[in-house]
Amino acid sequence: MSTSPATVPYVEPWLRGTHSDVGSVGRAVLHALELGLDDLSKWTAGLSDVEVHSRPLGLPSLAFHLRHIAGSVDRILSYAEGNQLTAEQLTTLKSEQVGEETLAELLAAVEGSFSNAAERVRVLATADFDTFRGVGRKQLPTSIGGALIHVADHTQRHVGQVVTTTKVLVALRA
């Protein structure tokens, strides 16, 4: 007897028993990224590319949030690694408001960013979380642990905005 996907209950990443080889902080960050990708895929399914680029009720577009999620994960991890942003990262940041990518391309960019981030998080998860890290030109104070937690927190905030904006888009169809 086969079980259809519709009858299999969803289990959040943190309850799947994955990444047991990574310490708890790193594991939580990896699970937050996986949950983000799950939610982004679920909530954007069925949206048109026009909807993804629209700004319903003046809200930022889903395309912006997807670009920002992909780019911000990379930027925050750069700070966690003790680096400043590259010219390419700054260019990406400045261009997050514009673009014509399809939803599939935007989700692929997020997935690629998260895949790259997973390897970086695994390395950072072995570091002393209290090690100082300076953010930006002003070298605002944080730590490796603070940056790792912010990757998870910031990603989830923008995923929440995607979910809310998607609900608005769907409601406006009627």
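What percentage of the 174 residues of the protein chain count as buried? In this predicted model, the share of buried residues is 41%. The legends below describe the overall fold and several close-up views.

**Figure 1. Overall view of the predicted protein chain.** The chain contains 6 helices and 2 strands, arranged along the sequence in the pattern α-α-α-α-α-β-β-α. Taken along the principal axes, the box filled by the C-alpha atoms is roughly 50 × 50 × 20 Å. The radius of gyration is 17 Å, which agrees with the value near 16 Å for a compact globule of 174 residues. Among contacts with a separation of 6 or more, 71% join residues 24 or more positions apart. The exposed surface amounts to about 9,600 Å², and carbon and sulfur atoms supply 59% of that area.

**Figure 2. Close-up of a nonpolar surface patch before helix H1.** Val11, Trp14 and Leu15 together make up this patch on the surface. Their combined accessible area is about 330 Å². Leu15 belongs to the segment that precedes helix H1, which spans 24–44. Leu15 counts as exposed because its relative accessibility is 53%, above the cut-off of 50%.

**Figure 3. Close-up of the salt bridge between Asp21 and Arg122.** The structure holds 8 salt bridges, including this pair, in which the closest N and O atoms are 2.7 Å apart. The pair links distant parts of the chain: Asp21 lies in the segment before H1, whereas Arg122 lies in helix H5 (residues 103–124), and 101 residues separate them. Asp21 has a relative accessibility of 60% and therefore counts as exposed. Arg122, at 26% relative accessibility, counts as partly exposed.

**Figure 4. Close-up of the salt bridge between Asp74 and Arg120.** The closest N and O atoms of Asp74 and Arg120 are 2.7 Å apart. This pair also links distant parts of the chain, with Asp74 in helix H3 and Arg120 in helix H5, 46 residues apart. Asp74 is partly exposed, with a relative accessible area of 26%. Arg120, with a relative accessible area of 13%, is buried, since the limit for burial is under 20%. Glu81 is linked with Asp74 and Arg120 in a network of salt bridges.

**Figure 5. Close-up of the buried salt bridge between Arg75 and Glu96.** In this pair the closest N and O atoms are 2.8 Å apart. Arg75 comes from helix H3 and Glu96 from the loop between helix H4 (87–94) and H5; the two residues are 21 residues apart and link distant parts of the chain. Both Arg75 and Glu96 are buried. As a general principle, side chains of opposite charge can pair when their charged atoms come close.

**Figure 6. Close-up of Ser72 and its contacts.** Ser72 is located in helix H3, which covers residues 62–80. A relative accessibility of 4% is the reason that Ser72 counts as buried. When neighbours within four places in sequence are left aside, Ser72 is in contact with Glu96 and His154. Glu96 thus appears both here, as a contact of Ser72, and in the preceding view, as the salt-bridge partner of Arg75.

Terms used: Residues numbered from 1 in each chain as written. Predicted model: local features only at pLDDT ≥ 70, side-chain atom pairs only at ≥ 80, totals over all residues. Heavy atoms only, no water. Patch = residues over 30% accessible without salt bridge, like charges linked within 9 Å, V, L, I, M, F, W, Y side chains within 5 Å. Areas by Shrake-Rupley, 256 points an atom, 1.4 Å probe, with all protein chains shown as cover. Salt bridge = Lys/Arg side-chain N within 4 Å of Asp/Glu carboxyl O. Helix = DSSP H or I, 4+ residues; strand = E, 2+ residues; numbered from the N terminus. Buried < 20%, exposed > 50% of the residue type's maximum accessible area, 1.4 Å probe, protein only. Rg over C-alpha atoms; globule rule 2.2 N^0.38 Å. Contact = heavy atoms within 4.5 Å.
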